[in-house]
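Me: I have just opened a structure that is new to me, and I would like to go through it with you piece by piece. Could you keep the answers plain?

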Amino acid sequence: MRPVAENPKRERTRQTKIGRVVSAAMNKSIVVEVERHVQEPRYQRTIRRTSRFMAHDEGNSAKAGDRVRIEETRPLSKRKRWILREILVKSKA
């Protein structure tokens with residue numbers, strides 16, 4: 001006989017990313033650009049690739065140029081699937 005698991009639904013850790021805010025013009029929303037380095041297959045040169053994510057910013061606290069940590073969440077709108085967790089470095093501008 002198998003033992004019964006206390007929590008049958010396994011909690012999945014949510015993905016986090018660190019990036020730079022490129023737009024904070026919307027109300028309670030920001031656009032975060034995340035950069036990653038990949039190796040080009042033919043010549044093995046390291047190149048930069050960027051992805052843009054829309055994130056929810058409840059307090060309108062992030063400004064353009066800030067480095068932020070975003071976390072995966074349930075769909076909040078058509079394009080928003082991330083939420084602002086913390087501002088790591090404020091921009092000087």
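Me: Let me start in the middle: which residue in β3 does His-37 stand opposite?
Reply: In this predicted model, the residue that His-37 stands opposite in β3 is Arg-48. The two strands concerned, β2 and β3, pair in the antiparallel sense, and 11 bridges are found between them.

Me: How many residues sit between the strands in the hairpin of β2 and β3?
Reply: There are 6 residues between the strands in that hairpin, and one of the residues to look at is Gln-44, which takes a positive phi near 55 degrees. Gln-44 is placed in the loop between β2 and β3, where β3 covers residues 46–56.

Me: Why bother pointing out a positive phi?
Reply: Most residues other than glycine have a negative phi, so a positive value stands out. Gln-44 is not a glycine, and yet its phi is positive, at about 55 degrees.

Me: Is Gln-44 buried, partly exposed or exposed?
Reply: Gln-44 counts as partly exposed, because its relative accessibility is 45%, and that class lies between the limits of 20% and 50%.

Me: What about the other hairpin, the one that β1 and β2 form?
Reply: The hairpin of β1 and β2 has 5 residues between its strands, and Lys-28 in the turn has a positive phi of about 65 degrees. Lys-28 belongs to the loop between β1 and β2, with β2 spanning residues 29–39, and Lys-28 is not a glycine either. With a relative accessibility of 31%, Lys-28 counts as partly exposed.

Me: How many bridges do β1 and β2 have, and in which sense do they pair?
Reply: β1 and β2 pair in the antiparallel sense, over 3 bridges. Within this pairing, Arg-20 has Glu-33 in β2 as its bridge partner.

Me: Stepping back, what do the strands make together?
Reply: They make a closed barrel of 5 strands, in the order β1-β2-β3-β5-β4, and the pairing is mixed. Neighbouring strands of this sheet are turned by 50 degrees against each other on average, with direction ignored.

Me: Where does the parallel part of the mixed pairing come in?
Reply: It comes in between β3 and β5, which run parallel and are joined by 3 bridges. One of the partnerships there is that of His-56 with Ile-83 in β5.

Me: And how does β1 pair with β4?
Reply: Strand β1, residues 16–23, and strand β4, residues 67–72, pair in the antiparallel sense over 5 bridges. Among the partners, Thr-16 is matched with Glu-71 in β4, while Gly-19 is matched with Val-68 in β4.

Me: Changing topic, where is Thr-73, and is it buried or exposed?
Reply: Thr-73 is in the loop between β4 and β5, the latter being residues 80–89. Thr-73 is buried, because its relative accessible area is 19%, and buried means under 20%.

Me: What is Thr-73 in contact with, apart from its neighbours within four places in sequence?
Reply: With those neighbours left aside, Thr-73 is in contact with Arg-14, Arg-81, Trp-82 and Ile-83. Ile-83 also appeared above, as the bridge partner of His-56.

Me: Now for β5 itself, what does Glu-86 touch there?
Reply: Glu-86, which has its place in strand β5, touches Val-68 and Arg-69, not counting residues up to four places away in sequence. Its C-alpha atom is separated by 7.3 Å from that of Ile-70, although Glu-86 and Ile-70 are 16 residues apart along the chain. Glu-86 counts as partly exposed, at 36% relative accessibility.

Me: Last one, which residues make the nonpolar surface patch?
Reply: Ile-18, Leu-88 and Val-89 make a nonpolar surface patch of about 220 Å². Of these, Leu-88 is found in strand β5, and Leu-88 is partly exposed, with a relative accessible area of 34%.

Note on methods: Residues are numbered from 1 along each chain as its sequence is written. This is a predicted model: local features need pLDDT of at least 70, side-chain atom pairs count only at pLDDT 80 or more; totals for chains, interfaces and linings use all residues. Side-chain values use heavy atoms; hydrogens and water are left out. Two strands pair if DSSP finds at least two bridges between them. Helices (H or I, at least four residues) and strands (E, at least two) are DSSP runs, numbered from the N terminus. Axes are lines fitted to C-alpha atoms, for helices over the stretch in contact, and angles run from 0 to 180 degrees between N-to-C directions. Buried means under 20% relative accessible area, exposed over 50%, partly exposed in between (1.4 Å probe, protein chains only). Contact means heavy atoms within 4.5 Å. Patches are made of residues with over 30% relative accessible area and no salt bridge: like charges are joined within 9 Å, nonpolar side chains (Val, Leu, Ile, Met, Phe, Trp, Tyr) within 5 Å. Accessible areas come from the Shrake-Rupley method with a 1.4 Å probe; for residues, only the protein chains shown count as cover. A salt bridge is a side-chain nitrogen of Lys or Arg within 4 Å of a carboxyl oxygen of Asp or Glu.
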